[in-house]
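User: I would like to go through this model with you, one question at a time. Please reason briefly before giving each answer.

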Amino acid sequence: MCGIVGYAGRQSAAPIIVDGLRRLEYRGYDSAGVAIHDGRGIETVRALGKLRALGDALAKRPLEGALGIGHTRWATHGRPSEENAHPHVAGKVALVHNGIIENHAALRRELAADGARFGSETDTEILAHLVDRALSRGAVNLFDAVRVALSEVTGAYAIAVLSVDEPNTIVAARHGSPLVLGYGENEMLCGSDISALLSHTRDMVFLEDGDVVELRGPTSSEGPSARITTIAGAAVERPRKRIDWSPTMAERGGFKHFMLKEIHEQPDAIAATLRGRIDLENGDVHGSEIGLSPEVVRGIRRVYIVACGTSFHASLLGRYWIESLAGVQTVVELGSELANRKAVFCDDDLVIAVSQSGETFDTLAAAKAAKSRGARVLAIANVLDSAIPRLAHGELYTRAGPEIGVASTKCFTAQLTALLLVAVYLGRQRGALDATQGASLLEGLCAVPGFINELLGDADYVRSIATSLVDATDVLFLGRGLNYPIALEGALKLKEISYAHAEGYAAGEMKHGPIALIDSSLPVVVVAPRDASYDKALGNVQEVRAREGRVIALATKGDEAMHDLAEHIVWLPDAPEHVLPLLTVVPLQLLAYYVASRKGHDVDQPRNLAKTVTVE
Ligand code: M6R
C-alpha cells in the first residue's frame, strides 16, 4: 500500500510529483504530502484526505524547487491525519515510505533514549530519525547514511529520502515493496509503479530487494545519473527495460470513472492476453513463458492455486477448468489462510499464484513458502516484474494494461483467460485433450471479446436494474458450478463499492441456511445461463419466488421459463459453456458500478480499501 514518487530534474518538482501521485492514488488515499528541496532547504506540505486536499494546500503554499519526493498513504501505523502523513522530517532528513518497519517499537525506545522527539505515530518516522542519526554520527553523505539506517531495520520498505545538505540527490531503496526508476530526458524519477512515471519516460529499471540507489539530478556540467548498490555498498547492475504501456492507458478517456472504462476495456484485455499464445492448428497453447516443459507437466501430481479477493474467485474457476480439462487434482486456497497452517507442498506440485498487482502480501508469502518447500511456482500477474512473477519459476502475464479502479474488473477476466490457457496447455501436454478438443476450447475463448461487446451494448438496461437496488441493504447472489465463483465475485463487487451487504452463495447451499433470509424485500441475483447446472438453478429460482424473493436473473437468450419467473433478466449470448464465466461477470460488474455511482460513491477509490495490499 502507499505510493511514492521522487523527481530530480530541471522542472518544478511539485506538480510532477503530484501528477505521479495521482496515478498512484489507487494504492492509498487517506492523506498525502510532498517535500521539495529549493536549493537552500527542504519544505514540506501535507494534507489529510485525498490528493485534491494536497493540491489545495499546495495552491495556498506553492513549493519551488526541481528536486522532491511525495507520498500517498494507506494508514497502517497511526490513524489517517496530517501529522501521520508522509514525508516525515527528522533533523536534516525528509523521508517517504511504503511498507512496514517491524522493529519500530524497539527502535523508537532506543531513539527516544538518545533524545529524539517524535511528531507522529508512524513506523516511518523512526526510519527518518535513523537516517538523520547516521548523518550526525559521521556518515559521509545521504547515500551512506541511508544504508546505515537500513541495516538497523527489519520489515518491508520502499523509501525515498532527501537531505538538506544535498540539494541534487534523492536516495531510494527497496526491500519487499516495489520501486521503479525512470530515466527521463535530463531527469531521473522513481516511483512505486510504472504508471507514476509513464508521462515522463518509458525507460525504466525495476529495483530488486536490497537495492539502494542514489539518484542525482542534472547539473551545469553533468547529466542526471543513478548509482545502485546493495545495502553493504557493493555496486549492482540492473537492466533497463522499455515499457510498452502508453501514458493514455492510465487516463479515464472520456469515461466518468476508471472502473467503467476498465469494464469496457475487457474485450481488448482478453484479446491482448491471448495474442501470440494460441496455436489453433494444433489445438494447443504456446507454453514457453509458462516455464513448464511437457515432461514436467506430465509429472505434476497436484495443482495448488493461491490468491486473494477477486483473484481468488478467478482461481476457483481455474480449479474447475484444470480439473475438467487436464484431469489434475486442484486445490484453491486463500493466501491469508495458507499462512495460518503448515501446508504440505511436494516437488511434484504446481503452485499457481494469481495476483493482479503481483504484490499482494499473503499471495506472495504463500508462493514463497511453496517454493521453499520444493514446489514449482507459476505466477499469473498483470504488473510486469512485480514481486510474485519475480519469485516464480514461470509467469504468464495478463495483458490488461494498468487497472486503476480499486475494484478489479478487466484483470479478473484477463486472469480467467490466462487460467483457461494454462488448463488447455496442461490438458494437451498430459494427453487429456486431443488437438480437436483443444482447438474448439481455444476458438470459444477467441470469441469472448465479441460476446462481451454484445453484453456491453446492454449496459443501459443494467443501469435501469441498478435503480431498483439503490436502497437495498442486503443482496444475495446465487450460482452453481462455474456460476458459483461468479456469484461470489458479483457480491464482492457490489459490497466493495456500494457498501451494501452482499453475499455470494452456492445455489445448492441455499436450503441449508440462507433461504431463511428470503422475503419480498430481498433482491436475489441468480446466475443461471443455460449450462449443465441450469435445471437445478431454475429450481432455486422457483424456491426464491415461492417465498416472494425478488429475482434478478442472468439467463441465456430465449429462456422462456426464466422469463416468467424473474423480475429483471439480463440476457446472455448463447456462448460455449466453458467461457460463460467471462461473460456472466460483466453485467454484475456493471450492476455494482451503477448502484455505487447512483449512490454517489467514489467508485474508483472506495472507503477503507487500497488496490495493492502489501500488508498481512
Ligand atoms: O492484486 P491482487 O489480485 O493480488 O489483489 C487481490 C485482492 O486484494 C483484490 O482482488 C481485491 O479483492 C479487489 N479490491 C477486488 O476488486
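User: In which loop is Pro87 found?

Analyst: The model is a predicted one, and in it the peptide bond that runs from His86 to Pro87 is cis, with omega near 0 degrees. As for its place in the chain, Pro87 belongs to the loop between strand E4 (67–73) and strand E5 (88–90).

User: Which residue other than glycine has a positive phi near 65 degrees, and in which loop is that residue found?

Analyst: The loop in question joins H17 to strand E23 (501–506), and Tyr499 is located there. Phi near 65 degrees is a positive value in a residue other than glycine, and the residue that carries it is Tyr499.

User: Which helix supplies the largest share of the shell around the ligand?

Analyst: The ligand is surrounded by 14 residues, with Ser311, Ser355, Ser357, Thr360 and Glu496 as the closest. Helix H9 (309–326) and helix H17 (483–498) each contribute at least two residues to this shell. The largest share, 3 residues, is supplied by H9.

User: How many residues of the shell around the ligand are polar?

Analyst: The shell can be divided by residue class, and 4 of its residues count as nonpolar while 2 count as charged. The polar class takes in the others, Gly among them, and its number in this shell is 8.

User: What percentage of the area that the ligand exposes when taken alone does the protein bury?

Analyst: Oxygen atoms of the ligand lie 3.0 Å from a polar backbone atom of Thr310, 2.7 Å from a polar side-chain atom of Ser357, and 3.0 Å from a side-chain N or O atom of Lys493. The ligand taken alone exposes 410 Å², and the part of this that the protein buries is 91%. The space that the ligand takes is the largest pocket, and the percentage asked for is 91%.

User: How many residues apart are Arg399 and Glu289, whose side chains meet in a salt bridge?

Analyst: With a salt bridge taken as a Lys or Arg side-chain nitrogen within 4 Å of an Asp or Glu carboxyl oxygen, the count comes to 30. The side chains of Arg399 and Glu289 meet in such a bridge, at 4.0 Å from N to O. Arg399 is in the loop between strand E21 (394–397) and helix H13 (410–429), whereas Glu289 is in the loop between strand E16 (284–285) and helix H8 (294–299). The pair thus links distant parts of the chain, and the separation is 110 residues.

Key
Residues numbered from 1 in each chain as written. Predicted model: local features only at pLDDT ≥ 70, side-chain atom pairs only at ≥ 80, totals over all residues. Heavy atoms only, no water. Near = heavy atom within 4 Å. Polar contact = N/O pair within 3.5 Å; in protein donor to acceptor, adjacent residues only side chain to side chain. Areas by Shrake-Rupley, 256 points an atom, 1.4 Å probe, with all protein chains shown as cover. 1 Å grid on protein atoms, 1.4 Å probe; cavity = no way out; pocket = protein on both sides within 12 Å on 5 of 7 lines; lining within 4 Å. Sits in = over half its atoms within 2 Å of the grid points. Helix = DSSP H or I, 4+ residues; strand = E, 2+ residues; numbered from the N terminus.
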